[in-house]
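The following exercises invite the reader to study a protein together with its bound ligand. Each task is followed by a solution in steps.

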Amino acid sequence: MRFDTVIVGGGLAGLIAGISLQKAGKSTAIVSTGQNALHFFSGCFESIQEAPQQVLDIFNEAGIRVHYKPGVRLMPMGTFKESALSLDDVSLFPTPQFGKRVLIINFMGYHDFFSSFLAEGLEKQGMECRIRFLTLGELTQPELGPNEMRAVQIARKMDDVWEKVVQEVRVLLKDEDTVILPQVFGLKDASVPTRIRQGIPAQVVFAGTLPPSVPGIRTQMQLKKRYEVLGGTYLMGDRVTGAHVYQDVVQNVVTKQLDRHYLEADHFILASGSFFSKGLVSNPFKIYEPLFELDMDYNQDRNTWYNPTFANHQPYMGFGVKTDANLQPSRKGVPVKNLYVIGSILGETHPELGSGAGLAIRSALKVTELITK
Ligand SMILES: Cc1cc2nc3c(=O)[nH]c(=O)nc-3n(C[C@H](O)[C@H](O)[C@H](O)COP(=O)(O)OP(=O)(O)OC[C@H]3O[C@@H](n4cnc5c(N)ncnc54)[C@H](O)[C@@H]3O)c2cc1C
């Protein structure tokens, strides 16, 4: 099978590259083993404040609703963090004190939403909190067993019963100006959080739960759908197991499921993520990129890899594949002519491209521009 470009990894970076290349009239395939960082997404696109029009267009066409306002967002444990471009689900505030009296809603039997920690955090900011648990027939046995009370299972039910939740909250609401709900709404339909906000006569804030992230999974599904609508081929659940490189040019890649039907292309993009997605691998002796064995940018002295103070910046997060200004890597010092590297596998080797989602998006757009020029 032959494409203009084959992309290894279908997380945020791979999908943004795939969508923009398809929009530019190129034929592409994405191979992705499955779970990626979007499944753990906070809803906040780090290191992007006001996004370029090109990014807003991609989100808009995919049905992804975003906004940005300088300030902070509420974290799942009741603390606050500076905000960046965010999904509409995430409320952004000028200061941490965003209300006076707050009603926090949880579901009976759901342990992945930290209502008590939230209340503690908000009380430190001078807000008065009341926690109430909803008992919904749809969330109790035999509908959902105790082990199935997870964000995505609940979200699947909420797609049908969110209006009932609105009614119950309206009954519970006394003199509170703000209602906090777990982020388990709008798995299939991104407009649901807005419709919930319209249905409750108070400010509504959605707070994060333990992973998986419902807004993150929805974003991944929206991007994948948009990519496929544009004609892209998304090989989900497959893994690239090897590559044939001849005279510094990648000829094709081999996948587990396609076996000897190699994927050939003029260009290849490596978007296989960082340690978390196994795009980078570490053992006691070295840190390496397992697929092409690309040159790495890291300190060989293992004692410098991590900071013993857990909460501090960890040096290993900065390590990544070494690339030139055009995000092209090398093997044993020799540049690979038709391979590009994007997203979190770059670590902190290109600070000018930002970090987190900002790095994934900016590097994907940069490589698209290079391939299509
Ligand atoms: C747990 C976690 C939470 C995060 N939360 C945020 C956040 O809230 N906001 C933010 O801005 N940033 C966040 N980040 C940073 C995140 O890395 C970026 O935002 C971005 O989503 C990374 O995208 P990516 O496409 O580079 O990598 P990934 O999302 O890791 O995707 C890489 C994909 O490649 C696949 N893959 C790997 N090897 C192969 C192979 N050989 N063949 C086929 N497929 C392969 C993996 O399975 C995976 O699906 C988070 C990171 C992590 C680890």
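The exercises below concern a predicted model and treat salt bridges, a helix, the ligand and three single residues in turn.

**Exercise 1. Salt bridges between distant parts of the chain**

Task: Determine where the partners of the salt bridge between arginine 2 and glutamate 264 lie, and whether glutamate 264 is buried, partly exposed or exposed.

Solution.
- Step 1. Begin with the whole structure, in which a search finds eleven salt bridges.
- Step 2. In one of them, the side chains of arginine 2 and glutamate 264 meet at 3.6 Å, N to O.
- Step 3. Arginine 2 belongs to strand 1 (residues 2-8) and glutamate 264 to strand 15 (residues 263-270), so the pair, 262 residues apart, links distant parts of the chain.
- Step 4. The relative accessible area of glutamate 264 is 32%, and this residue is therefore partly exposed.

The principle behind such pairs is simple: side chains of opposite charge can pair when their charged atoms come close.

**Exercise 2. Two salt bridges of helix 6**

Task: Identify the salt-bridge partners of arginine 226 and arginine 218, and decide for each of the four residues whether it is buried or partly exposed.

Solution.
- Step 1. The side chain of arginine 226 forms a salt bridge with that of glutamate 61 (3.5 Å, N to O).
- Step 2. Glutamate 61 lies in helix 2 (residues 53-62) and arginine 226 in helix 6 (residues 214-229); the two are 165 residues apart.
- Step 3. A residue is buried under 20% relative accessible area. Arginine 226, at 18%, is therefore buried, whereas glutamate 61, at 37%, is partly exposed.
- Step 4. The side chain of arginine 218 meets that of aspartate 89 in a salt bridge of 2.7 Å, N to O.
- Step 5. Arginine 218 is in helix 6, while aspartate 89 is in the loop between strand 7 (85-87) and strand 8 (101-107), and 129 residues separate them.
- Step 6. Both partners are buried: arginine 218 has a relative accessibility of 4%, and aspartate 89 has one of 3%.

**Exercise 3. The buried side of helix 5**

Task: State which residues of helix 5 are buried, how they are arranged around the axis, and what they pack against.

Solution.
- Step 1. Helix 5 covers residues 192-199, and its buried residues are Val192, Pro193, Ile196 and Gly199.
- Step 2. These residues lie on the same side of helix 5, because they cover an arc of only 120° around the axis.
- Step 3. A general rule helps here: an α-helix has 3.6 residues a turn, so residues three or four places apart point the same way.
- Step 4. The packing partners of the buried residues are helix 4 (151-172), strand 10 (178-182), strand 11 (203-207) and helix 6.
- Step 5. Threonine 194 is also found in helix 5, but with a relative accessible area of 24% this residue is partly exposed.
- Step 6. Between the C-alpha atoms of threonine 194 and valine 204, ten residues apart along the chain, the separation is 9.3 Å.

**Exercise 4. The surroundings of the ligand**

Task: Describe which residues come nearest to the ligand, which polar atoms face its oxygen atoms, and how much of its area the protein buries.

Solution.
- Step 1. There are 31 residues around the ligand, and those that come nearest are Thr33, Ser42, Glu46, Ser277 and Ser344.
- Step 2. Two backbone examples follow: a polar backbone atom of glutamine 35 is 3.0 Å from a ligand oxygen, and one of glutamate 46 is 2.8 Å from a ligand oxygen.
- Step 3. In the case of serine 277, an N or O atom of the side chain is 2.6 Å from an oxygen atom of the ligand.
- Step 4. The ligand taken alone exposes 1000 Å², of which the protein buries 87%.
- Step 5. Two or more residues of the surrounding shell come from each of helix 1 (12-23), strand 2 (28-32), strand 3 (44-45) and helix 7 (356-372).

**Exercise 5. Two single residues**

Task: Locate threonine 219 and alanine 51, and state what each one touches.

Solution.
- Step 1. Threonine 219 is part of helix 6 and is buried, at 0% relative accessibility.
- Step 2. Apart from residues up to four places away in sequence, threonine 219 touches Ile64 and Leu87.
- Step 3. Alanine 51 sits in the loop between strand 3 and helix 2, where this residue is buried at 14% relative accessibility.
- Step 4. With neighbours within four places in sequence set aside, alanine 51 contacts Leu56 and Leu85.

Key: Residues numbered from 1 in each chain as written. Predicted model: local features only at pLDDT ≥ 70, side-chain atom pairs only at ≥ 80, totals over all residues. Heavy atoms only, no water. Helix = DSSP H or I, 4+ residues; strand = E, 2+ residues; numbered from the N terminus. Buried < 20%, exposed > 50% of the residue type's maximum accessible area, 1.4 Å probe, protein only. Arc of directions from axis to C-beta. Contact = heavy atoms within 4.5 Å. Near = heavy atom within 4 Å. Polar contact = N/O pair within 3.5 Å; in protein donor to acceptor, adjacent residues only side chain to side chain. Areas by Shrake-Rupley, 256 points an atom, 1.4 Å probe, with all protein chains shown as cover.
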